[in-house]
Each structure stands twice: as structure tokens, then as C-alpha cells.
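Hi everyone, thanks for making time for this. I'd like to walk you through one structure today, so have a look at the screen and we'll go piece by piece.

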Amino acid sequence: MKNVRKAAIGMSVAAIAMLGTAAAATAGAEVSRNVSVLGRAEIDTHDPASVFDISVHAWGNGHSGKGVIWMSHHYAEQVGWLVARVDCVRSEGPLGIVTAVVADAQDFAGITPRDPINLTVRDNGTKDSLAFASGEQVKRCHRSRTREHEIARGDFQMSVQPRRPRSVQKLREAE
């Protein structure tokens, strides 16, 4: 009986220690955020006849998102385009990370409906840049590891607002 009691006490002490460690780790964790990435920009490639036009209207909480991405590629007299539904928006320092799933596309180099895409926007204020990835290069809610391209015209704005914990929201609603 003593061994059973000792084992129960030992397990209780271990459980309390684990709860304390988890609580300490959670207390230091960053509160999830509301993030939005808005704007329109053009990217010139080294070929003067090739221009990408990108519009983004996306918002999310770091785990999911809503909105739309519209992209077109003008090359000489040809135009390819895509429209994608946003599924995640998050921030990582000065980066706004937007992942989406292509809803429709026409003549846009290897992109078809249901393909995942990623835009990683660096909002530097005056000279923004953007990285784009598609297909197997995309991991939902993660930044693009492809090369960034400087924006020639336009601007992207990333906004990050701390989310209030639910307990604070409920207190404010009760007032």
C-alpha cells in the first residue's frame, strides 16, 4: 500500500511540475496577431517586355486567412493571369506571408487551378520587395525561400495588430 501511495504522490508531483513548465512556456509565448497585407505593385524583370502586376487583399491570424490575390504577367503582346483564394496570412518581422490556392488561371506559366502559391512581402516603407513561389515550393503559412524581387511601381502595406486574449475581450464586452 505504501508503494502505491508513493507512486501516486510521485506521479502527482511530476504532473504538477509538467503543468508549471507548460504554463511558464505559454506565458512567454507571443500572443497570436491579426495581420493584413494590402496593396498593388509591378515587378519588372530584366526583360523590358516582361512585367508582373500583383494585387493582394489579405488578412488573417497567423493560422488561417481570407482574401484574394490577383496576378498577371504581361510579356510583349501576351497576358497570363491567375486569381487565388487566401488560406493563411501571418507576419515574421518585416515580412508579410500570404499563402493561397489558385481558383482560376489562364496562360500563367505552369500554374493551374488548385495549385498552392505563396507571396512573401517585405514592407520596407519606400522600397518593398516580394518573393513568389508555387507548387511544391509552397508550405502553407510559411514564407517563400525564393529570391526577392524589388517592386518597380506600387506599394504593399503590412499591418500587424496584437490580438486581445479572450478573457480581456469578454471583460470589455461585459462593460
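Let's start with aspartate 115, which sits in the loop between S5 and strand S6, residues 116–122. One thing to keep in mind throughout: this is a predicted model. So, which side chain of opposite charge is nearest to aspartate 115? The nearest is arginine 114, and the distance is 7.6 Å. A salt bridge needs a nitrogen and an oxygen within 4 Å, and aspartate 115 has no salt bridge, yet it is buried. As for what aspartate 115 touches, leaving out residues up to four places away in sequence, we get Ala100, Val101, Val102 and Gly110.

Okay, let's zoom out for a moment. The protein has 2 helices and 9 strands. If you read from the N terminus, the order of elements is α-β-β-β-β-β-β-β-β-β-α. Of the 175 residues, 30% are buried. The accessible surface is about 11,300 Å², and 56% of that belongs to carbon and sulfur atoms. And if you take the contacts with a separation of 6 or more, 47% of them are between residues 24 or more positions apart.

Now to some of the strands. Find strand S3, residues 65–75, and strand S4, residues 78–92: they pair in the antiparallel sense, with 8 bridges. If you want a landmark in that pairing, methionine 71 stands opposite leucine 82 in S4. S3 and S4 make a hairpin with 2 residues between them, and in that turn alanine 76 has a positive phi of about 55°.

Keep following the chain and you get to strand S5, residues 95–106, which runs antiparallel to S4 and is joined to it by 11 bridges. The landmark here is alanine 84, which stands opposite valine 102 in S5. That valine should sound familiar, since Val102 is one of the residues aspartate 115 touches. S4 and S5 also form a hairpin, again with 2 residues between the strands. Which residue in this turn has a positive phi? Glycine 93 does, at about 65°.

While we're talking about strands, here's a handy bit of background. In a regular strand, side chains alternate between the two faces of the sheet.

Next up, the cysteines. How many disulfides does a search of the whole structure find? The search finds 1 disulfide. It's formed by cysteine 88 and cysteine 141, with their sulfur atoms 1.9 Å apart. This one links distant parts of the chain: cysteine 88 is in strand S4, and cysteine 141 is in the loop between strand S7 (129–134) and strand S8 (149–150), which puts them 53 residues apart. Both cysteine 88 and cysteine 141 are buried. The link is right-handed, with 115° about the S-S bond. In case the term is new to you, a disulfide is a covalent bond between the sulfur atoms of two cysteines.

Last topic: salt bridges. The structure holds 9 of them, and I'll show you three.

Glutamate 42 pairs with arginine 153, and their closest N and O atoms are 2.7 Å apart. This pair connects distant parts of the chain, with glutamate 42 in strand S1 (residues 33–44) and arginine 153 in strand S9 (residues 153–162), 111 residues apart. Are these two partners buried or partly exposed? Glutamate 42 counts as buried because its relative accessibility is 17%, and the cut-off for buried is under 20%. Arginine 153 is at 38%, so it counts as partly exposed. The two also belong to a network of salt bridges that links Arg40, Glu42, Asp44, Asp53 and Arg153.

Then there's glutamate 148 with arginine 122, where the closest N and O atoms are 2.9 Å apart. Glutamate 148 lies in the loop between S7 and S8 and arginine 122 is in strand S6, so this pair ties together parts 26 residues apart in sequence. Glutamate 148, at 28% relative accessibility, is partly exposed, and so is arginine 122, at 23%.

Finally, glutamate 150 and lysine 127 meet in a salt bridge at 3.8 Å, N to O. Here glutamate 150 is in strand S8 and lysine 127 is in the loop between S6 and S7, 23 residues apart. Glutamate 150 is exposed, with a relative accessible area of 53%, whereas lysine 127 is partly exposed at 42% relative accessibility.

That's my tour, thanks for listening!

Conventions: Residues numbered from 1 in each chain as written. Predicted model: local features only at pLDDT ≥ 70, side-chain atom pairs only at ≥ 80, totals over all residues. Heavy atoms only, no water. Pairing = 2+ DSSP bridges. Helix = DSSP H or I, 4+ residues; strand = E, 2+ residues; numbered from the N terminus. Buried < 20%, exposed > 50% of the residue type's maximum accessible area, 1.4 Å probe, protein only. Contact = heavy atoms within 4.5 Å. Areas by Shrake-Rupley, 256 points an atom, 1.4 Å probe, with all protein chains shown as cover. Lys, Arg positive; Asp, Glu negative; His and termini not counted. Disulfide = S-S within 2.5 Å.
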